[in-house]
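Student: Could you take me through a close look at the salt bridges in this model, and then place them among the other local features that deserve attention?

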Amino acid sequence: MDSSGNASLRGDGLVIEITGQSNSRSAQQSTATAPFTRTGLPVTFSLLAANEHFGITPSQRALADSSGASLGTVNRVIRALRERTPSFLEGKHNELLRRSALEHEWISAYSAMQPTAWPEERFTSDIWKKPSDLLDVSLPPAALFGSEIAAARLGAPIRPASVLIHLSGNAGDRRELIRQGRLRKDEQGMIRIRPALCKNPPVPSNNRTAPRLLVRADLLLEDDPRIDEIRTQFFGDDR
């Protein structure tokens with residue numbers, strides 16, 4: 001008998017096969033971690049960003065549309081957030097409770113997973129020679145600024161050392177960005193392109209920047225004491 005309850009017993013004139021059993025404890029653990037898995041993080045992010053911007057929790061279909069996740073994944077995330085003790089969601093309209101605590105858990109999970117789940121590439125530009133050259137650039141619709149450059153565009157007193165761009169959409173959007181900046185791959189390049197967390201932005205962008213929660217996570221990932229004070233002042237402290 002294995003750990004999932006499947007069993008096989010054979011003898012002379014006797015065959016017993018039990019299959020299709022599930023490990024209920026493992027299933028419960030899987031459900032509990034659903035908001036912080038590779039597929040669940042975009043859903044939780046969409047929920048948090050939309051709640052901060054609009055003050056409500058979007059419908060499950062709206063969360064699926066923005067995150068790119070299936071309705072089944074969205075359902076598992078919502079159920080896990082409702083079943084947590086204490087709960088993060090309650091009521092008919094899934095009112096969000098303890099948002100700061102959920103944001104902290106989300107940032108921790110995203111920070112641990114980002115390097116492998118959403119790996120970035122580095123480029124050098126023949127047009128943009130320094131990060132400040134991009135402060136007034138209008139990016140393609142599928143691209144959003146993150147990290148230091150986003151903080152600078154939002155008014156933080158910071159001089160970016162690199163430019164992080166979250167890029168969603170199809171190959172055409174990527175080609176457009178590369179054409180616009182005449183980008184070429186360079187492992188030491190100042191321009192970093194990271195796959196977007198969500199299929200569609202969950203909220204309207206402010207000055208082509210990523211939602212504030214993602215900017216906070218970006219800055220934390222930089223692990224740069226130079227920007228600790230700015231991150232805390234503008235976006236909260238998640239250490």
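Tutor: What follows begins with the salt bridges and then turns to the pocket, the surface and the backbone.

The model is a predicted one, and the structure holds 12 salt bridges. As background, side chains of opposite charge can pair when their charged atoms come close.

A good place to start is the pair formed by Arg192 and Glu120, whose side chains meet in a salt bridge with an N to O distance of 2.8 Å. Arg192 lies in strand 9, which covers residues 191–195, while Glu120 sits in the loop between helix 5 and strand 5 (121–125), so this contact ties together parts of the chain that are 72 residues apart in sequence. The two partners differ in their burial class: Arg192 has a relative accessible area of 6% and is therefore buried, being under the 20% cut-off, whereas Glu120, with a relative accessible area of 27%, is partly exposed. A further salt bridge joins the side chains of Asp133 and Lys130, at 3.0 Å from N to O. Here both partners are partly exposed, Asp133 at 28% relative accessibility and Lys130 at 44%. Returning to Glu120 and Arg192, these two residues belong to one network with Arg194, Asp218 and Glu222, joined by salt bridges that share partners.

Another pair to examine is Arg84 with Glu105, in which the closest N and O atoms are 2.7 Å apart. This pair links distant parts of the chain, since Arg84 is in the loop between helix 4 (71–83) and strand 3 (89–90) and Glu105 is in helix 5 (residues 99–117), with their positions 21 residues apart in sequence. Arg84 counts as partly exposed at 26% relative accessibility, and Glu105 also falls in the partly exposed class, at 27%.

The loop that carries Arg84 has a backbone feature of its own. The peptide bond from Thr85 to Pro86 is cis, with omega near -5°, and Pro86 lies in that loop between helix 4 and strand 3. For context, most residues other than glycine have a negative phi, and most peptide bonds are trans. Two residues can be read against the part of that statement about phi. Ser147 has a positive phi of about 55° although it is not a glycine; Ser147 is found in helix 6, residues 147–153, and is buried, with a relative accessible area of 1%. Asn207 likewise has a positive phi, near 60°, in a residue other than glycine, but Asn207 is found in the loop between strand 9 and helix 8 (212–222) and counts as partly exposed, at 38% relative accessibility.

Turning to the empty space, the largest pocket has a volume of about 220 Å³. Of the 14 residues that line the largest pocket, the closest to its centre are His53, Val203, Pro204, Pro211 and Arg212. By class, this lining has eight nonpolar, four polar and two charged residues, and the largest share of it, three residues, comes from helix 2, residues 40–54.

Helix 2 also supplies two residues that come together in space with parts of the chain remote in sequence. Leu41 lies in helix 2 and is buried, with a relative accessible area of 0%; Leu41 and Cys198 are 157 residues apart in sequence, yet their C-alpha atoms are 9.3 Å apart in space. Asn51 is found in helix 2 as well and counts as buried, at 11% relative accessibility; for Asn51 and Glu95, the separation is 44 residues in sequence and 9.2 Å in space, C-alpha to C-alpha.

Finally, on the surface, Leu14, Ile16 and Ile18 form a nonpolar patch, with about 220 Å² of accessible area together. Ile16 is found in strand 2, residues 14–18, and counts as partly exposed, at 34% relative accessibility.

Note on methods
Residues are numbered from 1 along each chain as its sequence is written. This is a predicted model: local features need pLDDT of at least 70, side-chain atom pairs count only at pLDDT 80 or more; totals for chains, interfaces and linings use all residues. Side-chain values use heavy atoms; hydrogens and water are left out. On a 1 Å grid over the protein atoms alone, a cavity is a set of points where a 1.4 Å probe fits but cannot get out, and a pocket is an open set with protein on both sides within 12 Å along at least five of seven lines; lining residues have an atom within 4 Å of a point. Grid points are joined across faces, edges and corners, and a volume is the space filled by probe spheres set on the points. Helices (H or I, at least four residues) and strands (E, at least two) are DSSP runs, numbered from the N terminus. Ala, Val, Leu, Ile, Met, Phe, Trp, Tyr, Cys and Pro count as nonpolar, Asp, Glu, Lys and Arg as charged, and the others, Gly among them, as polar. A salt bridge is a side-chain nitrogen of Lys or Arg within 4 Å of a carboxyl oxygen of Asp or Glu. Buried means under 20% relative accessible area, exposed over 50%, partly exposed in between (1.4 Å probe, protein chains only). Patches are made of residues with over 30% relative accessible area and no salt bridge: like charges are joined within 9 Å, nonpolar side chains (Val, Leu, Ile, Met, Phe, Trp, Tyr) within 5 Å. Accessible areas come from the Shrake-Rupley method with a 1.4 Å probe; for residues, only the protein chains shown count as cover.
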